[in-house]
Amino acid sequence: MTAITVLAGGVGGARFVRGLRQHLEQLDGIGAGGPSSITVVANTGDDLWLAGLRVCPDLDSLMYTLAGANDEVRGWGRVGESERVSAELTAYGVGWPWFTLGDLDLATHIARTSMLRDGLTLSEATERLTARWDLGVTLVPATDDEVETHVEVGDPVRELHFEEWWVRHRAALPARRFVQRGIETAAASPRALEAIAAADVVLVAPSNPVVSIGTILELPGMRAALSATGAPVIGVSPIIAGAAVRGMADACLAAIGVETSAAAVASHYGARSTGGLIDGWLVDDADAASLPALEAAGIRTAAVPLWMTDVAATAKIARDALALAT
Ligand code: FO1
């Protein structure tokens, strides 16, 4: 039994986990090493209250993608979606007209909000929601507390919810600082900590290193758990040849003064042997020149094709990441 725990954000993280799942299904199919389990520790920093509902974008991207119910073209939300309720909400001036809550998607938020109002934790609500689909992985929120990522922009400084910065402004407003509202009284979720402690391997998905992985790492208890686990921690670069694979990781990295490169992100995460996060780092062939310096810093590395062009290609990436763990 190989227990794999993945730290992941939304869209990029979901695609990576889908490939990992396929790789393990192929392995289990040939009986190599017996059944494996995947637990995903998902970022909850994008979460928000909207129209009275608790919306959890990264948990929902993971759930819909692993269920095969995601809109593969848009990259978020449900396939076959409609927006009748959203149009009515806009007519009433409720919610954000530029942040579309589709009819099917709204059912997720209504169900989740109902569970939370019944006293369930976000972990328990996520377990109930995902039970409807046969995901083949366990999804857990990085925290059960409300810790939302806000972005400081402009002069004089004002603060936007991450989703307003990301969706309404397309990250075009230079971010002065990212703030995790509520983190002072928050804790990593018990299930996330358990999954990290019990893991044979921890993978860091090629998600946004600042607002998806960084927001997970900052949760009280998370770094200690990642440092203490017996599992090797292997990261997959979200940057290929100096460009963000998805979204606006470069805008986020610039905000924290980190160069947009595979090596700079690895250094930012830090070698576990010197108090950082990762034991291993997988980069694209285009970034192979940076590997000797990372090896010298105590990080095991490999260069492989890293574009998640389809599930089969992503399964190979997952295989190569796991190979670094041995
Ligand atoms: N992204 C958009 O670009 N436009 C939207 O209108 C939008 C709505 C939306 C509603 C629910 C949800 O869970 C996600 C939504 N997203 C939308 C995507 C969202 O910005 C991303 O999933 C992540 O939060 C950023 O990686």
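Let me start with Arg170, which is exposed, with a relative accessible area of 53%, where exposed means over 50%, buried under 20% and partly exposed in between, using a 1.4 Å probe and protein chains only. Before going further, I should say that this is a predicted model, in which local features need pLDDT of at least 70 and side-chain atom pairs count only at pLDDT 80 or more, while totals for chains, interfaces and linings use all residues. Residues are numbered from 1 along each chain as its sequence is written, and side-chain values use heavy atoms, with hydrogens and water left out.

Arg170 is found in the loop between α6 and β8 (175-181), with helices (H or I, at least four residues) and strands (E, at least two) being DSSP runs numbered from the N terminus. Its phi is near 50°, a positive value in a residue other than glycine. Ala51, in the loop between β3 (48-50) and β4 (53-55), also has a positive phi, near 55°, and Ala51 is partly exposed, with a relative accessible area of 33%. As background, most residues other than glycine have a negative phi, and most peptide bonds are trans. The bond from Asp155 to Pro156 is cis, with omega near 5°, and Pro156 has its place in the loop between β6 (148-153) and β7 (158-161).

Now to the ligand. Which residues are the closest to the ligand? Among the 13 that surround it, counting a residue if one of its heavy atoms lies within 4 Å, the closest are Asp46, Pro57, Thr100, Glu163 and Arg170, so we meet Arg170 again here. An oxygen atom of the ligand is 2.3 Å from an N or O atom in the side chain of Glu163, and a nitrogen atom of the ligand is 3.4 Å from an N or O atom in the side chain of Trp76. The protein covers 89% of the 530 Å² of accessible area that the ligand has on its own, by the Shrake-Rupley method with a 1.4 Å probe.

The elements that give two or more residues to this shell are α2 and α6 (162-168), and α6 gives the most, with 3 residues.

Finally, helix α2 (residues 57-67) has 10 of its 11 residues buried, so it is largely enclosed by the rest of the structure. The buried ones include Pro57, Asp58 and Leu59, and just after α2, Gly68 takes a positive phi of about 75°.

Conventions:
Polar contact = N/O pair within 3.5 Å; in protein donor to acceptor, adjacent residues only side chain to side chain.
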